[in-house]
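Work through the following exercises with the model in view, attempting each task before reading its solution.

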Amino acid sequence: MWHQMWGWNGGGWGWFGLGHVLWWVLLFGGLLLLARSVAAGGSKRTDTALDILRERYARGEIDEAEYQARLKQLKA
């Protein structure tokens, strides 16, 4: 009876059995990729306010006095 449920027809996998296995592999693989993507999306973001401030200072958008003032505010 179990062989009919899983598509085993005595000589090999039937189309339904193989399709059933592939369906579950694709489903779990897709869920795994989705979970990894969501988890990695949160950890890859490194643009904190301090990083942005340092980048603006390095590009010359703000002078040292403004950098120091804003740095003091961020650390407070």
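**Exercise 1.** Determine whether Arg59 is buried or exposed, and identify the residue with which the side chain of Arg59 meets in a salt bridge.

*Solution.* Begin with the accessibility classes: buried means under 20% relative accessible area, exposed over 50%, and partly exposed in between, with a 1.4 Å probe and protein chains only. Because its relative accessible area is 54%, Arg59 is exposed. Next, apply the salt-bridge criterion, a side-chain nitrogen of Lys or Arg within 4 Å of a carboxyl oxygen of Asp or Glu; the side chain of Arg59 meets that of Glu61 at 2.8 Å, N to O. Glu61 also forms a salt bridge with Arg56, with the closest N and O atoms 3.1 Å apart. Glu61 is partly exposed at 45%, and Arg56 counts as partly exposed at 27%. Finally, Glu55, Arg56, Arg59 and Glu61 are linked in a network of salt bridges.

The model is predicted, so local features need pLDDT of at least 70 and side-chain atom pairs count only at pLDDT 80 or more, whereas totals for chains, interfaces and linings use all residues. Residues are numbered from 1 along each chain as its sequence is written, and side-chain values use heavy atoms, with hydrogens and water left out.

**Exercise 2.** Describe how helix α3 and helix α4 pack, and place Leu71 in that picture.

*Solution.* Helices are DSSP runs (H or I, at least four residues), numbered from the N terminus. Helix α3 (residues 49–59) and helix α4 (residues 64–75) pack at about 175°, their axes being 10 Å apart, where axes are lines fitted to C-alpha atoms over the stretch in contact and angles run from 0 to 180 degrees between N-to-C directions. That makes α3 roughly antiparallel to α4, a label for angles over 145 degrees. Leu71, in helix α4, counts as buried because its relative accessibility is 13%. Leaving aside neighbours within four places in sequence, Leu71 is in contact (heavy atoms within 4.5 Å) with Leu50 and Leu53. The C-alpha atoms of Leu71 and Leu53 are separated by 7.7 Å, although these residues are 18 apart along the chain.

**Exercise 3.** Which salt bridge joins Glu66 to a residue of helix α4?

*Solution.* The partner is Arg70, whose side chain meets that of Glu66 at 2.7 Å, N to O. Both residues lie in helix α4, 4 residues apart, about one turn of the helix. As for accessibility, Glu66 is partly exposed at 29%, and Arg70 is partly exposed at 34%.

Terms used
Helix = DSSP H or I, 4+ residues; strand = E, 2+ residues; numbered from the N terminus. Parallel < 35°, antiparallel > 145°, perpendicular 65-115°, else oblique.
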